[in-house]
Amino acid sequence: MLSLKNISVKYGSFAAIHDINIEVKEGEIVVLLGSNGAGKSTTFRTISGLSKPSVGEILFEGKSLNRVSADKIVQLGIGQCPEGRKLFPAMSVQENLRMGAYVHRRKKDEIKKSLEHVYNLFPILRDKKDDAAGSLSGGQQQMLAIGRALMSKPKLMLLDEPSVGLAPLIVEQMFEVIQQINREGTTILLAEQNANAALKIADKGYVFENGSIVLQGSSAELFANDEVRKAYIGA
Amino acid sequence: MSKIQRIVILGLILFAIVFPLISNNDYFIHVMTLSFIWMIGVYGLNLLAGYTGYLSLAHAGFFAIGAYSLGLLTVKAEMNFWPALLLSLIITGVLGFFAGLISLRTKEHFFAIYTLCVGYIIYLVIDKWDSLTEGVRGLIGIPAPANIGPLSFETLQSHYYLVLFFLLLVVLIMYRIVHSLSGRTYIAIRNSEDLAQTIGISTMKNKLTVFVISTVIAGLSGALYASFVRFIGPDIGSIAIVFDFLTYLLVGGLGTLSGPIVGTLLIVVLSQRLQFLQDYRMLVFGPVLTLLIIFYPRGIVGTAAAWGQKRRSSVHKTRLNNLPEEQVKEG
């Protein structure tokens, strides 16, 4: 469905990621592991079109994304839930969700259905639908960010560190919901530092270090790998 | 819109309508009409700077383009006022489109500086293109708006109502834009362009649309000015005018719907009151404006709105605090 072939991205002369190869098949959950600054977010920025690769090619359903602008990429079916729960803080929860359906803005009925879908997934958002997004708690903001990404009805959803800064109990819920979204037919590419929780739901993973992929394999393989255990699971 | 807001707005409109009837002083009506014209221009600037986050300093230039287009079409081409007005808006919009196409490749302060230059170039062209604009001599004898059936706009009062009509029209358009998906799209762009793009907003297309709308509104303001004052010189395109606009907007409240009205009215009235100080007025305005920007960057309306919101949410919070423990656990 999505493949990154020999992708390098430079910020000035600094190579943020170098020679990355990633393959995501339809229906999978794929996790990118790595510490801060390892290149996960740059990879996401590149897939969503905000940064352009200096070398390599990105293919989505057989079509090259190299020359497609970020807003067109959303129309093609790649939805992004950016790192740090970037919401529109002054807008209400419902307005945030409606903004997420921007690419479907002419299809009023569909938006209503998607709203229902998100509210069923995150009932707390329905209760708070008229509150300003900025007034929500961290977990609720993350739910809203995921909900907003869902509103564009993506075929592939990019989730950048959904668990960061959340209480363990909420993290668990978050991953359950991600799994549910995946079961309903959305392919998921996930960046995480919480390897333990992420590998439990993922099909396969890639480990980033200093802008390169140093390890890849099925979840089970990575989970059993000593280095991964040492670096990310702490056991 | 709450009930109180509706009453206040209706009251203000009513006051604006009866104002010329209760005030026998032509001078007041003249000042009021001019303020309305400035307000329209400030609304143009507000849509771009306040809602989309792009501070354009070229707006005096587009104000002047609107004014000169109308002046030249009515004086030199001897066109009827109404088609000339429409045509001047189109001219301003087309020039705005091309200016925006280039300027919007820059961002933030670069955009401000770039548009400052664009505005200055417009001023220079008007000032130096003698054969078309009459240069420093200015354009004289711009006619009052032509009659529409039995309605004539020869008198000061009738002109006042005409300008008021356009002001209300602009406010209504702004209200509709701001409370539509387009308005939220512009706010999303102001928030973060990256984020806007990742939910599928074509930022360039939207920014350009706003730029054109806001220049057209500045042009409308200029055209109304030309037909009201009947004489225009290149000075109306000077940098000083755009900073006047900006001052009105900052004092009133950037990115608020009533900010342009509040700010313009306040400053215009104040500067009329302080006229005995002549140019030393600026000694008063300068420091006051600086303090305002340091302590109340959202202007009068923005600050008042924030206070209102704070009060409401603190009422909400105390109510929450009074709830039994288990009901508040969520979060």
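Here are legends for a set of close-up views of this predicted model.

**View 1. The six-stranded sheet of chain A.**
Six strands of chain A form an open sheet in the order S6-S7-S8-S3-S9-S10, and the pairing is mixed. At the edges sit strand S6 (78-81) and strand S10 (212-218) of chain A, each with a partner on one side only. Going from one strand to the next, the twist averages 15°. Look for strand S3 (residues 29-33) and strand S9 (residues 204-209) of chain A, which run parallel and share four bridges. Leu32(A) is a handy marker here, standing opposite Tyr206(A) in S9(A).

**View 2. Two helices packed on that sheet.**
Helix H1 (residues 40-47) of chain A lies against the sheet and touches S3, S6, strand S7 (156-160), strand S8 (187-192) and S9 of chain A. The direction of H1 makes about 150° with that of S7(A). Helix H6 (residues 138-150) of chain A packs on the sheet too, touching S6 and S7 of chain A. For H6, the angle with the direction of S6(A) is about 165°.

**View 3. Strands S1, S4 and S5 of chain A.**
This one follows some antiparallel pairing in chain A. Strand S1 (residues 2-11) pairs with strand S4 (residues 55-60) over five bridges, and Ser8(A) stands opposite Val55(A) in S4(A). S4(A) also pairs with strand S5 (residues 63-64) of chain A, again in the antiparallel sense, over two bridges. In that pair, Leu59(A) has Ser64(A) of S5(A) as its bridge partner. The hairpin of S4(A) and S5(A) has two residues between the strands, and Glu61(A) takes a positive phi near 50° there.

**View 4. Two loop glutamates with positive phi.**
Glu161(A) isn't a glycine, yet its phi is positive, at about 50°. Find Glu161(A) in the loop between S7 and helix H7 (168-183) of chain A. Glu161(A) counts as buried because it has 24 C-beta neighbours inside 10 Å. Over in chain B, Glu134(B) also has a positive phi, near 70°. Glu134(B) sits in the loop between helix H6 (130-133) and strand S1 (139-140) of chain B. With 20 C-beta neighbours inside 10 Å, Glu134(B) counts as buried.

**View 5. Glu221(A) in helix H9.**
Glu221(A) belongs to helix H9 (residues 219-224) of chain A. Glu221(A) has 14 C-beta neighbours inside 10 Å, so it counts as partly exposed. For scale, the C-alpha atoms of Glu221(A) and Met143(A) are separated by 30 Å, with the two residues 78 apart along the chain.

**View 6. Where chain B meets chain A.**
Chain B puts 15 residues into the contact, and chain A puts in 20 residues. On the chain B side, helix H8 (181-191) and helix H9 (193-198) are the elements that give two or more residues. H8(B) has the largest share of that side, with five residues. Sorted by class, the chain B side has six nonpolar, seven polar and two charged residues.

**View 7. Inside the largest nonpolar core.**
The largest nonpolar core has 153 residues, and those touching the most other members are Leu190(A), Ile40(B), Ala64(B) and Ala67(B). Helix H2 (residues 26-52) of chain B gives the largest share of this core, 13 residues. Now zoom in on Ala67(B): setting aside neighbours within four places in sequence, its contacts are Gly222(B), Ala223(B), Tyr225(B), Ala226(B), Ile232(B) and Ile236(B).

Notes
Residues are numbered from 1 along each chain as its sequence is written. Chains are lettered from A and ligands numbered from 1 in the order in which they are written. This is a predicted model: local features need pLDDT of at least 70, side-chain atom pairs count only at pLDDT 80 or more; totals for chains, interfaces and linings use all residues. Two residues are in contact if their C-beta atoms, placed from the backbone, lie within 7 Å. Ala, Val, Leu, Ile, Met, Phe, Trp, Tyr, Cys and Pro count as nonpolar, Asp, Glu, Lys and Arg as charged, and the others, Gly among them, as polar. Two strands pair if DSSP finds at least two bridges between them. Axes are lines fitted to C-alpha atoms, for helices over the stretch in contact, and angles run from 0 to 180 degrees between N-to-C directions. A residue is buried if 20 or more other C-beta atoms lie within 10 Å of its own, exposed if 12 or fewer, and partly exposed in between; C-beta atoms are placed from the backbone. A nonpolar core is a set of buried Ala, Val, Leu, Ile, Met, Phe, Trp, Tyr and Cys residues joined through C-beta atoms within 7 Å.
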